[in-house]
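Colleague: I'm new to reading protein models. Could you walk me through this one, feature by feature?

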Amino acid sequence: MSKFGDVDGSDLRPLSARSLALSVLLGSHPPEMPARALVDLAVLFGIAGGTMRTALSRSVVAGEVTSRDGSYRLTRRLLDRQHAQDIGRRPPPEPWDERWHMVVAADDQRELAERRRFRLTMDNHRFGELRPDIWMRPANLPMPTVEPDWIATTARAEGVAAEQLVDRMWNRNAIDVEARRLLAEMDRLRSECDWEDVRSIPELFLLSATVVRFLRSDPLLPAELVPDDWPISELRSTYDRFERDHQRLLQQFLRRR
């Protein structure tokens with residue numbers, strides 16, 4: 001079952017120094033920012049500057065960012081995540097020809113690191129796990145580059161209805177509920193926040209990061225496999241407007257650094 005299976009509508013999660021830095025970089029094009037700007041932003045979030053510097057140093061060691069000339073930039077591993085994140089902000093391509101991608105990990109003796117890398121690749125390409133090491137999705141998105149220890153195919157699914165396959169891998173009701181909750185949160189902040197006051201940035205940023213995380217995990221199902229009143233398109237368009245105003249305020253703050 002998808003990670004959407006346990007959505008509970010809980011409050012927005014606060015960001016650690018590491019999460020804040022990576023979220024800012026993942027949302028930046030190019031994904032690079034001066035250390036002083038990241039430190040100043042941390043202080044705005046109530047995070048000590050020293051804590052942010054320590055988090056950045058640890059992210060360098062972990063291979064998440066590189067440091068050069070006083071700036072930090074995402075590594076290739078995180079650039080793949082950024083690409084997957086950006087795809088989530090675009091609607092799924094149409095039409096769907098009713099075929100499915102399926103990938104099977106052929107080697108059951110893989111190291112833990114390889115298992116994790118395989119799962120990350122499947123997540124980045126929005127596959128659902130049908131059974132351990134068997135991943136599928138509608139073929140309205142490209143198949144990832146096939147690796148030597150995979151068995152991969154694209155074909156129509158026989159014997160099981162498409163709706164049943166979707167329900168085995170994703171909880172569409174939970175996705176619907178969470179999308180509507182996030183729409184309501186954006187409407188609330190739109191009316192309650194002072195969009196000229198940089199002190200509004202932390203609350204706006206937390207919601208923005210939550211919406212991006214949600215869209216990053218959206219399976220991008222074709223229109224044939226979702227209800228007519230599916231709220232994801234509205235969520236994307238509302239978020240685009242929300243994020244334009246949020247970025248304007250954020251960049252106003254960062255330009256002063």
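Modeller: Sure, and let's begin with an idea we'll need for the inside of the protein. A nonpolar core is a set of buried residues of the kinds Ala, Val, Leu, Ile, Met, Phe, Trp, Tyr and Cys, joined through side-chain atoms within 4.5 Å. Keep in mind that what you see is a predicted model.

Colleague: OK, so which residues touch the most other members of the largest nonpolar core here?

Modeller: Leu20, Ile201 and Leu235 do, in a core of 62 residues. Helix H8, residues 201-217, gives the largest share of this core, with nine residues. Apart from that core lies another one of seven residues, including Val103, Ala105, Met122 and Trp150.

Colleague: Let me pick one of those. What is leucine 235 in contact with, leaving aside its neighbours within four places in sequence?

Modeller: Its partners are Ala179, Leu182, Leu183, Met186, Val211, Phe214 and Leu215.

Colleague: Can we zoom out? How many helices and strands does the protein chain have?

Modeller: Nine helices and seven strands. For the overall form, you can compare the radius of gyration with what a compact globule would have. With 257 residues, that would be near 18 Å, and the protein chain has 20 Å, so the two agree. Along the principal axes, the C-alpha atoms fill a box of roughly 60 × 45 × 30 Å.

Colleague: And how do I read the inside and the outside?

Modeller: Look at burial, contacts and surface together. Of the 257 residues, 46% count as buried. Among contacts with a separation of 6 or more, 76% are between residues 24 or more positions apart. On the outside, the protein chain exposes about 13,600 Å², and carbon and sulfur atoms supply 49% of that.

Colleague: What about the charges: how many are positive and how many negative?

Modeller: There are 39 positive and 41 negative charges, and their mean positions are 6 Å apart.

Colleague: Now a single charged residue. Is aspartate 176 buried or exposed?

Modeller: The test is the relative accessible area, where buried means under 20%. Aspartate 176 has 14%, so it is buried. This aspartate 176 sits in helix H7, residues 172-192. Not counting residues up to four places away in sequence, aspartate 176 touches Trp230 and Pro231.

Colleague: I've heard that backbone angles can be unusual. What is the general idea?

Modeller: Most residues other than glycine have a negative phi, and most peptide bonds are trans.

Colleague: Then where are the cis peptide bonds in this model?

Modeller: One joins histidine 29 and proline 30, with omega about 5°. Proline 30 is in the loop between helix H1 (17-26) and strand E1 (32-34). Another joins glutamate 94 and proline 95, with omega about -10°. You'll find proline 95 in the loop between helix H4 (76-88) and strand E4 (99-105).

Colleague: And which residues should I look at for a positive phi?

Modeller: Try glutamate 98 and leucine 220. Glutamate 98 has a phi near 75° and lies in the loop between H4 and E4. Leucine 220 has a phi of about 55°, and its loop runs between H8 and helix H9 (232-255).

Colleague: How do I tell whether each of them is buried or partly exposed?

Modeller: Use the accessibility again: buried is under 20%, exposed is over 50%, and partly exposed is in between. At 45%, glutamate 98 therefore counts as partly exposed. Leucine 220 has a relative accessible area of 1%, so leucine 220 is buried.

Definitions and conventions:
Residues are numbered from 1 along each chain as its sequence is written. This is a predicted model: local features need pLDDT of at least 70, side-chain atom pairs count only at pLDDT 80 or more; totals for chains, interfaces and linings use all residues. Side-chain values use heavy atoms; hydrogens and water are left out. Buried means under 20% relative accessible area, exposed over 50%, partly exposed in between (1.4 Å probe, protein chains only). Helices (H or I, at least four residues) and strands (E, at least two) are DSSP runs, numbered from the N terminus. Contact means heavy atoms within 4.5 Å. The radius of gyration is taken over C-alpha atoms; the globule rule is 2.2 Å times the number of residues to the power 0.38. Accessible areas come from the Shrake-Rupley method with a 1.4 Å probe; for residues, only the protein chains shown count as cover. Lys and Arg count as positive and Asp and Glu as negative; His and the chain ends are not counted. The place of a charge is taken as NZ of Lys, CZ of Arg, CG of Asp or CD of Glu.
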